[in-house]
Amino acid sequence: MSTSELRATVESLGARRRARDAKTASLAELATAVRADHDRWMSHVAGAAGCAHPIRLVGTVTHVEAATGRITRDTHTTEMPDGVLYTPCGNRRASVCAGCAETYRADTYQLVTAGLVGGKGVPASVAEHPCVFLTVTAPSFGPVHAHRTDRAGRTIACRPRRQLEHCPHGVPLACFDRHNDDAPELGRPLCLDCYDHPAQAVWNLHAGELWRRTMIAARRGITALEKRHHIKLRLSYTKVAEFQARGAVHLHALVRLDGRDPTDADAVLVPDARVGAHHLATVLRRAVEDTRFTTAPHPAREAGWPIMWGEQVDPRPVRLSRLDLDDTGEITTGAVAGYLAKYATKATELAGHASKRLRPDIVREYARLDTHPGRQIDTCWHLGTRPEQADSQEWAAGWGRLQRWAHMLGFGGHFSTRSRRYSTTLGALRQARRDWRREHARHPDEDDELADEDTTEVIVNSLAFAGIGWHTSADALLANTSAANARARRRAAKEETDTAA
């Protein structure tokens with residue numbers, strides 16, 4: 001970057017900072033006019049300020065000195081602003097709560113990054129481990145509209161055909177339109193009646209089991225490498241699930257190869273140099289291609305459904321770099337951490353459906369047979385309905401899950417999972433954030449007084465649910481705007497740090 005470009009960037013950041021400060025000042029003046037206890041209230045709700053639907057709790061919060069069992073403070077929520085304690089809803093879906101989803105995304109980013117370059121209890125030597133970014137998809141359940149490009153990146157026709165054919169329902173099996181990547185037609189079947197909705201619903205339900213069996217097959221491949229080179233290896237991974245526009249789940253996983261110490265199961269070691277990312281990619285591709293099974297019988301299909309991965313398998317080596325792609329086309333640590341964190345906050349919105357868990361009295365509002373998402377929901381509900389002769393507990397643990405997860409189009413697995421030794425946990429990250437807030441919330445006068453004492457405290461909560469949401473629209477505006485300004489300040493600080501670097 002030239003001197004003039006750097007100067008222009010600095011001036012632009014300065015102008016944005018001044019505008020942000022002016023906006024914050026005007027907001028503070030408005031807030032003071034709305035709430036006389038604004039400063040105390042904002043400090044009280046700081047932990048849930050960015051949440052769209054905070055949970056309100058009532059009861060007591062007791063601080064107990066760990067060493068002696070002495071109660072140092074006993075506070076009832078009636079002494080707090082609004083008479084309640086606010087806690088964030090914690091929903092990871094950006095379409096439900098943008099604030100909590102951003103926290104979840106940032107935590108996931110830190111978790112993934114720690115497993116790539118170290119930190120948060122993970123040794124920095126993991127940056128030397130072979131890593132592969134693996135994408136696996138569902139098989140085809142029927143032709144759908146798609147965004148297609150040529151090698152130059154130009155959009156081309158969706159499904160061109162020289163010989164125009166029609167399906168048994170008279171629908172042309174061709175599409176000559178050029179769909180943009182945000183076109184509403186993407187993922188919609190060319191013929192709703194021909195599309196195999198039952199197979200897709202069943203596949204979504206068993207996607208987690210298919211991944212588990214794939215990892216078992218991959219570990220067998222790693223065992224073969226161990227025997228060939230007389231070394232000890234272990235697979236560590238983190239993965240997220242993402243819905244495609246057609247409503248089928250596909251998975252993105254970061255798979256790392258570690259060395260293994262038989263005498264120390266928790267040690268994370270650099271693997272033998274004779275085994276690299278290309279070996280790992282080969283093992284993963286073979287495991288994906290070979291793994292398949294048949295589901296348990298169902299009244300609609302006594303032989304069960306075959307479950308396997310689709311033809312699109314993409315194991316790409318990962319390299320340590322700040323750029324998204326290096327000169328070899330390999331994906332890099334910064335890009336893969338960003339991808340996984342972004343996918344972790346999405347759900348069925350891309351497939352055209354968004355709802356909470358469905359009940360028998362409302363399911364017909366969503367199970368519309370004239371839409372693709374509606375047919376998927378209808379299929380899940382129909383296949384999950386228990387026959388009279390079936391055992392209720394056995395059915396609920398098996399096919400009955402299709403009804404339970406009909407709002408997720410049959411997918412009932414965790415959207416973000418990791419192996420035990422990949423890196424830290426989301427729980428550990430959240431606890432560290434709570435500890436930091438508690439430490440910085442302590443009154444300054446307490447520091448000198450208690451510096452030489454054992455001040456470890458146990459907090460005992462006796463709280464009950466009191467409701468969801470802010471008391472007034474003005475409270476929601478103040479809290480969410482304050483949280484948004486705080487996020488903007490953090491982003492601006494990061495941009496300034498990156499510019500200075």
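Here is a short tour of two helices and a group of strands in this predicted model.

**Stop one: helix 2.** Select residues 38-45. Colour His38, Trp41, Met42, His44 and Val45, which are buried. Now look down the helix axis: those buried residues fall within an arc of 160°, so they line one face of the helix. Spin round to the face turned away from that buried side, and you'll find Asp39 and Ser43, both exposed.

**Stop two: helix 3.** Next, pick residues 98-117. This helix has 20 residues, and its first and last C-alpha atoms are 28 Å apart, close to the 28 Å expected at 1.5 Å a residue. Plenty to click on here: the buried residues include Gly99, Tyr104, Asp107, Leu111 and Leu116. Step just past the end of helix 3 to Gly118, which takes a positive phi of about 95°.

**Stop three: strand 8 and its partners.** Jump to residues 249-261. Strand 8 is mostly covered, with 11 of its 13 residues buried. Which strands pair with strand 8?

- Strand 4 (residues 131-136) runs antiparallel to strand 8, joined by 6 bridges. Find Leu134 here, standing opposite Ala253.
- Strand 7 (residues 233-243) is also antiparallel to strand 8, with 11 bridges. Here Leu233 stands opposite Gly259. The hairpin of these two strands has 5 residues between them, and Gly247 there takes a positive phi near 95°.
- Strand 9 (residues 264-269) pairs with strand 8 over 2 bridges, again antiparallel. A hairpin of 2 residues links the two, and Asp261 stands opposite Asp264.

Key. Residues are numbered from 1 along each chain as its sequence is written. This is a predicted model: local features need pLDDT of at least 70, side-chain atom pairs count only at pLDDT 80 or more; totals for chains, interfaces and linings use all residues. Side-chain values use heavy atoms; hydrogens and water are left out. Buried means under 20% relative accessible area, exposed over 50%, partly exposed in between (1.4 Å probe, protein chains only). Helices (H or I, at least four residues) and strands (E, at least two) are DSSP runs, numbered from the N terminus. The arc is that of the directions from the helix axis to the C-beta atoms. The expected span of a helix is 1.5 Å times one less than its number of residues. Two strands pair if DSSP finds at least two bridges between them.
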